[in-house]
Amino acid sequence: MVVKVGVIGTGAMGRAHIDRLTNVLTGAKVVAVTDINQEAAKAAVRDFKLDAKVYPDDTSLLQDPDIDAVFVVSFGGAHEATVLKALDTDKFIFTEKPLATTLEGAKRIVDKEMGKPRKVIQVGFMRRYDEGIHALKTQLDSGIIGAPLVVRASHINPDVAANYSNEMAITDTLIHEIDEMHWLLDDDYASIQITYPRQSSKVNNEGLRDPQLATLTTKKGVVIQVLVHVTAQYGYEVKLEVVGETGELKLPDYGFAPIVRTQATQQTAMETSWVKRFLQAYNTEVQEFINQVAKNQSPIGPSAWDGYIAAVTAEAGIRSQKDQEPVLINVATTPAFYQKKQAVKA
Ligand SMILES: NC(=O)c1ccc[n+]([C@@H]2O[C@H](COP(=O)([O-])OP(=O)(O)OC[C@H]3O[C@@H](n4cnc5c(N)ncnc54)[C@H](O)[C@@H]3O)[C@@H](O)[C@H]2O)c1
Ligand SMILES: O[C@H]1[C@H](O)[C@@H](O)[C@H](O)[C@@H](O)[C@H]1O
């Protein structure tokens, strides 16, 4: 079966997903697109030579009975409304992160999804599919460094768009580590604290503090420190180190560029955005989602409940941004609906 896909939001990431669905992966066809900027939707059809309808909005696209799955790739703040509407249909839903930008919004989504016979949502937390991060988790799970004690991570962007707000440092950027770390450690969060080091003079966005340091503690007592630096100028990278009882695990520097030695210097080109750094992870997550839909089975990737855990933690992070004090986190027990790896066929 070829999975027929509708894409809602044809900006940078929407186009990247259209490209992989059309030119890289197997088993899917983009048959419909929409964007509040209709020119952007038409440009996607033209540029990727799609045989696809251009709908005026998400509501009309969602009414198309020919679509099996939708990709929600609009601005983060628009995901909730579209996902809630999509849950009224029988379509599978791949939504980019964040699931919702508020805790209440994420709760509305999980409550509504739990009214369905099975899970239909996957959230685009692609870090879990990165081969390097996955290999690090496999080593951690093997017990090779004993129990994890401390995690140090960095999330570096060279710069951000003009509409990037201070809250987005949490809901748009740190949200990746928020999802990654509880999965990596198989642990739950107890608290989060955001502190502001010296402000970088490179910040142009009104109200944005950069860099920010997030300290998360887990129920088992692990302390996780994440540097979020989104105007870092020099390149795009993520760093990850886990300190254990008997050793350490470190994600190697990413890259395929050669080391160039010349004129008494040594240098290597770096990535400048998420596009190439996580290309393999995006391809793997989306292929897995398509394969599940083709079998008419629930997604097995990060669920709406993972999106909800991230939203609860992000909301606590935003509260901490106000006075830089730690904020306690209490996520409810995972409902049985989300404990099933894979639900039975509807
Ligand atoms: N997983 C990742 O690493 C990753 C990387 C980049 C972006 N993203 C996510 O993808 C989403 C889109 O990001 P982007 O970089 O493509 O942003 P973008 O600004 O380039 O594109 C967003 C597009 O959505 C459209 N849009 C906004 N509201 C809409 C609505 N209600 N209906 C239809 N279209 C709407 C805009 O007109 C725009 O074309 C965000 O949620 C972002 O967090 C994830
Ligand atoms: O939307 C993007 C994307 O999620 C990237 O992976 C992240 O590094 C950026 O900070 C964020 O703005």
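This is a short walk through a predicted model, from its salt bridges to a cavity, a surface patch and one histidine. Because the model is predicted, local features need pLDDT of at least 70 and side-chain atom pairs count only at pLDDT 80 or more, while totals for chains, interfaces and linings use all residues. Residues are numbered from 1 along each chain as its sequence is written, and side-chain values use heavy atoms, with hydrogens and water left out.

Let us begin with charge. Side chains of opposite charge can pair when their charged atoms come close. Here a salt bridge is a side-chain nitrogen of Lys or Arg within 4 Å of a carboxyl oxygen of Asp or Glu, and the count by this rule is 19. One of them joins Glu 80 and Arg 108, with N and O 2.7 Å apart. That pair links distant parts of the chain, as Glu 80 sits in helix 4 (residues 79–86) and Arg 108 in helix 5 (residues 103–113), 28 residues apart. Helices (H or I, at least four residues) and strands (E, at least two) are DSSP runs, numbered from the N terminus.

How covered are these two partners? Glu 80 is buried, at 17% relative accessible area, and Arg 108 is partly exposed, at 44%. For these words, buried means under 20% relative accessible area, exposed over 50%, and partly exposed in between, using a 1.4 Å probe and protein chains only.

A second pair is worth finding on your screen: Arg 127 and Glu 180, whose closest N and O atoms are 2.6 Å apart. Arg 127 lies in the loop between strand 6 (121–123) and helix 6 (131–142) and Glu 180 in helix 7, so this salt bridge ties together parts 53 residues apart in sequence. Arg 127 is buried at 3% relative accessible area, and Glu 180 is buried at 2%. A network of salt bridges links these two with Glu 177.

Next comes a pair between strands. Arg 152 forms a salt bridge with Glu 241, with 2.9 Å between the closest N and O atoms. Arg 152 is in strand 7 (residues 148–156) and Glu 241 in strand 11 (residues 237–244), so parts 89 residues apart in sequence are tied together. Arg 152 counts as partly exposed at 40% relative accessibility, and so does Glu 241 at 22%.

Now look inside. A cavity is a set of points, on a 1 Å grid over the protein atoms alone, where a 1.4 Å probe fits but cannot get out; lining residues have an atom within 4 Å of a point. There is one cavity of 30 Å³ or more, and the largest cavity holds about 40 Å³ of space. Its lining includes Arg 127, Glu 177 and Glu 180, along with residues such as Ala 153, Met 181 and Leu 240. Helix 7 and strand 11 each supply at least two residues of that lining.

Finally, helix 7 (residues 168–185) also holds His 182, which is buried at 10% relative accessibility. What does His 182 touch, not counting residues up to four places away in sequence? The partners are Arg 128, Asp 187, Tyr 189, Asp 306 and Ile 309, where contact means heavy atoms within 4.5 Å. Back on the surface, Leu 149, Val 150 and Val 223 make a nonpolar patch of about 190 Å²; patch residues have over 30% relative accessible area and no salt bridge, with like charges joined within 9 Å and nonpolar side chains (Val, Leu, Ile, Met, Phe, Trp, Tyr) within 5 Å.

Conventions:
Chains lettered and ligands numbered in written order. Areas by Shrake-Rupley, 256 points an atom, 1.4 Å probe, with all protein chains shown as cover. 1 Å grid on protein atoms, 1.4 Å probe; cavity = no way out; pocket = protein on both sides within 12 Å on 5 of 7 lines; lining within 4 Å. Points joined across faces, edges and corners; volume = space filled by probe spheres on them.
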